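I sat down with this one to look up a handful of spots and write down what I found. Here are my notes, in the order I took them.

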Amino acid sequence: MAKNLVIVESPAKAKTIEGILGKDFTVKSSFGHIRDLPGKNISVDIENGFEPDYVIPTDKKKIVAELKKLAKKAEMVWLASDEDREGEAISWHLQEALGLKENNTKRIVFHEITKSAILKAVENPRKINKHLVDAQQARRVLDRLVGYELSPVLWKKVKPSLSAGRVQSVAVRLIVEREKEILDFKYESAYRVVANFIVGGNTIMKAELPKRFSTKKEAESFLAKCKDAKFTIDNLETKPAKKSPAAPFTTSTLQQEASRKLGFSVSQTMTVAQRLYEAGKITYMRTDSVNLSNDAIGSAKKEITKSYGEEYSQIRKYNTKSKGAQEAHEAIRPTYMNAHNISGDAGQARLYDLIWKRTVASQMSDAKLEKTTAKINISTANENFVAKGEVLVFEGFLKVYLESTDDENSDEKDGILPPLTVGEELLMQDITATEKFTHHPARYTEASLVKKLETLGIGRPSTYAPTISTIQKRGYVVKEDRDGLERDFNTLTLKGGNISDVTAKENYSVERKKMFPSDIGIVVNDFLVEHFGKVLDYSFTANVEEQFDAIAEGQKKWNKMIEEFYTPFHKQIEDTLENADRASGERALGNDPESGRPVIARIGKFGPMIQIGKTEDEEKPKFAGLQGTQTIGNVTLEEALELFKFPKTLGDFEDHEIVVSQGRFGPYVKFDTMFVSIPKGEDLGSIDLNRAIELIKEKQQADAPIDEYENMPVQKGVGRFGPFIKWNGMFINVNKKYNFDNLSHEDIVQLIEDKKQKEIDKFIHNWEDKGISVQKARWGRFNIIKGKTKIELPKTTDAASMTLEQVEKIITDNAPVKKTRKKKK
């Protein structure tokens, strides 16, 4: 046994560090947190200073036992979890759970996994910073209190099984309020005038009128003035300009730029960055600092000079501007500047390339430009055309990198102007006045939402990704593409002395990977804003983050801060439960022409729906679920009534009735025993008999057997997880080593036999008389299965040695507990 035991939180990080420290050090992973608040109850002692009741989860007990055993044998234990608050909390939990003594326990931190950084950390150990631990503990306890007290209010007042979170609810509010802004937006149009001039015989130069005309009549009048006009260069102005590079990446800016340039989601960016960090490729990825160490600046200068030349290097130091910057003390950068790229995983290589370019560009010279503006006189009008040109004189940092923006409506870039002289007369080729419409505020992407949260001071680098993932998992927000709408626009063109007038169509409000609030998200948000406005207030939420910062700096006691929040919050919870009306987002659409009863759109037990009639009426109400892109806010009375025409029989085909209907998972066509999903975007009411037969034939063709094995048909298809074959009720994935379009009989036999063996091998234990089994799961984990109950076990579990008694105990421990509310006496 080595004299030194080093404990980190991830196995990949452990492997990298062990390779650096050598044989005197054993490096082990805790696989993240080893203690946490149990999920069954609030687990916070409100009457006793809000003390949390931490437990070691069942799946971590074996890890803790192993670490305890190793710690007893070691002369020194080094706690080397990440350097942020969460990492500090992991080290503290390890110290507490393993019973480590201060005299042989040291805390070490580093922001990059390199030999020099690790050895420097070992030479400069410290004690666990309890202030950082308390700040993390305060966040965990506060979020538990808010979640566990708010969620039952939503169950009672909105819909069962809903949940609420402190930061997540604020993020949903941002998205809901933006959606309401967009729905209330009034489009206005104006005419943009652009002229094309012929210069020097064959060069086309574009110029624009600085003003826009608000009406077609004004635009037409201006073009009429230009029919007989002379166009001359009235003034030429040339000015030098420069562009400076962006600062190195913080967590927030990396998430934004990876979204814009690589199309990564926020959580994907953090997963890939974590792997790069643990492999020793980049510095720590949760940081709000833009600072670079002197060593990093020196390495960047050396690499820039070597690769591009001395004139491209410019040493720069950046100041962190974000509120409460506290996480790590350096920006995200490559650990070795001379490694321009890395091989291996494509996602990691792409993100590393982005980080390398951004870091190196941040230490490069300004790009030098020359901007030219030509003012063009119109002899018959008071207005002037303006032509702008831009020439790149020196590339500077642009040789390596240019930051993207979220501005979807930015104007086209200026080109290069041809040689011009003052007084020169220009030949007009054509002048176009095009009707342009104002743009509604942009919906949030994941990246722009991160930017907004950071601007407001809500959350910290470690919270952005889980916040955005959670609001989507809970169904409050959806991220999707929408095709937009169509509208007419007008174009007037002056050419050859004549003015033409053309009306054309354009698509607008096309959305790609944008965040939309769901109906339930809107209803929950409106209810929480009405009854818990303070908790969802942006300034209040930012102030909570500042209080966490104060705790981290030792300026405030964590349980005092919790008490100040909880006392008025709990009072509001009780008042809302007692007095608030039930919220359903109800919207009156009108009356049913047949019965005269009211038609409303609202949230029901299974989601958004239409209701005809009232519950107190003698005749029971009728219900129908919304479909496709229909929402409580946009569904019309006509569309709502159409939903009650289903299920609807369309006719017969091949001696079987065809029925079109709306199901839990969307609209479908039923034919004999076959169910055919109606493609997304097609309206249920538009499906006639001919279209239904088309869909049935497509399904029949797709389901037609491609082979037979053991007297049973083999079918193939493409599903959510890629291509597959189906045999004997089993879905078998077809990997890339097979030619899916031309599967041979031998291929099919091999795939089926491999799957059959895999099904046999996945059972580690199978107590058939008890209906209980232990099976292998994905990613090296294990599952306990009993009926519909599935309990996931970590890959560190010794599943083979588990007994039936142990498994039954785990099932019992994980059984849901029915909560009962005590009545006040």
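**Entry 1: Asn-525 and its surroundings**

I started at Asn-525, which sits in helix α14. A reminder to myself: this is a predicted model. Is Asn-525 buried or exposed? I get a relative accessibility of 4% for Asn-525, and the cut-off for buried is under 20%, so Asn-525 counts as buried. Next I looked up what Asn-525 touches, leaving out residues up to four places away in sequence. The list is Ser-169, Val-172, Arg-173, Val-176 and Leu-536.

**Entry 2: helix α16**

Helix α14 (519-531) turned up again when I moved on to α16, since α14 is among the elements that cover the buried residues of α16. The cover also includes β4 (51-52), α5 (130-157) and α15 (538-552).

Helix α16 itself runs over residues 558-579, which is 22 residues. From first C-alpha to last I get 32 Å, close to the 32 Å expected at 1.5 Å a residue. Where does α16 have its kink? I found it at Tyr-566, about 30 degrees, shortly before the proline Pro-568.

I also noted which residues of α16 are buried: Trp-558, Met-561, Ile-562, Phe-565, Tyr-566, Phe-569, Ile-573, Thr-576 and Leu-577. Tyr-566 is thus on the buried list and is also the site of the kink.

**Entry 3: two crossing helices**

Then I went to helix α2 (residues 61-73) and helix α3 (residues 85-98). Their axes come within 10 Å and cross at roughly 75 degrees. An angle of 65 to 115 degrees counts as roughly perpendicular, so that is what I call α2 relative to α3. Which residues meet there? From α2 I have Val-64, Leu-67 and Lys-68, and from α3 I have Leu-94, Ala-97 and Leu-98.

**Entry 4: a four-stranded sheet**

Next up was an open sheet of four strands, in the order β25-β26-β27-β28, with antiparallel pairing. Which strands are at the edges? They are β25 (707-709) and β28, and each pairs on one side only. The twist averages 35 degrees from one strand to the next.

I went through two of the pairings. β25 and strand β26 (residues 712-719) are joined by three bridges in the antiparallel sense. In that pair, Asp-707 has Val-714 in β26 as its bridge partner. Strand β27 (residues 722-727) and β28 are also antiparallel, over four bridges. There, Trp-727 is partnered by Met-730 in β28.

β27 and β28 make a hairpin with two residues between them. I checked the turn, and Asn-728 has a positive phi of about 55 degrees.

Strand β28 (residues 730-733) has two faces: Met-730 and Ile-732 are on the covered one, while Phe-731 and Asn-733 are on the uncovered one. I also looked for a helix against the sheet: α19 (residues 745-761) lies across β25, β26, β27 and β28. It runs at about 110 degrees to β28.

**Entry 5: backbone oddments**

I had three more backbone spots to look up. How is the peptide bond from Phe-646 to Pro-647 set, cis or trans? It is cis, with omega near 5 degrees. Pro-647 lies in the loop between α17 (637-642) and β21 (648-653).

Phe-31 has a phi near 55 degrees, a positive value in a residue other than glycine. I placed Phe-31 in the loop between β2 (25-29) and β3 (44-45). Phe-31 is partly exposed, at a relative accessible area of 31%.

Phe-50 also has a positive phi, about 60 degrees, although it is not a glycine. Phe-50 lies in the loop between β3 and β4. Buried or exposed? Phe-50 is buried, with a relative accessible area of 5%.

**Entry 6: Ile-791**

My last stop was Ile-791, in strand β32 (residues 789-793). Ile-791 has a relative accessible area of 10%, so I put it down as buried. Leaving out residues up to four places away in sequence, Ile-791 touches Phe-782, Asn-783, Ile-784, Ile-810, Ile-811 and Asn-814. I also checked Ile-791 against Glu-96: they are 695 residues apart in sequence and 27 Å apart in space, C-alpha to C-alpha.

Technical notes. Residues numbered from 1 in each chain as written. Predicted model: local features only at pLDDT ≥ 70, side-chain atom pairs only at ≥ 80, totals over all residues. Heavy atoms only, no water. Expected span 1.5 Å × (residues − 1). Bend = angle between axes of the 7 residues up to and from the residue. Buried < 20%, exposed > 50% of the residue type's maximum accessible area, 1.4 Å probe, protein only. Contact = heavy atoms within 4.5 Å. Pairing = 2+ DSSP bridges. Axes fitted to C-alpha atoms, helices over the stretch in contact; angles between N-to-C directions. Parallel < 35°, antiparallel > 145°, perpendicular 65-115°, else oblique.
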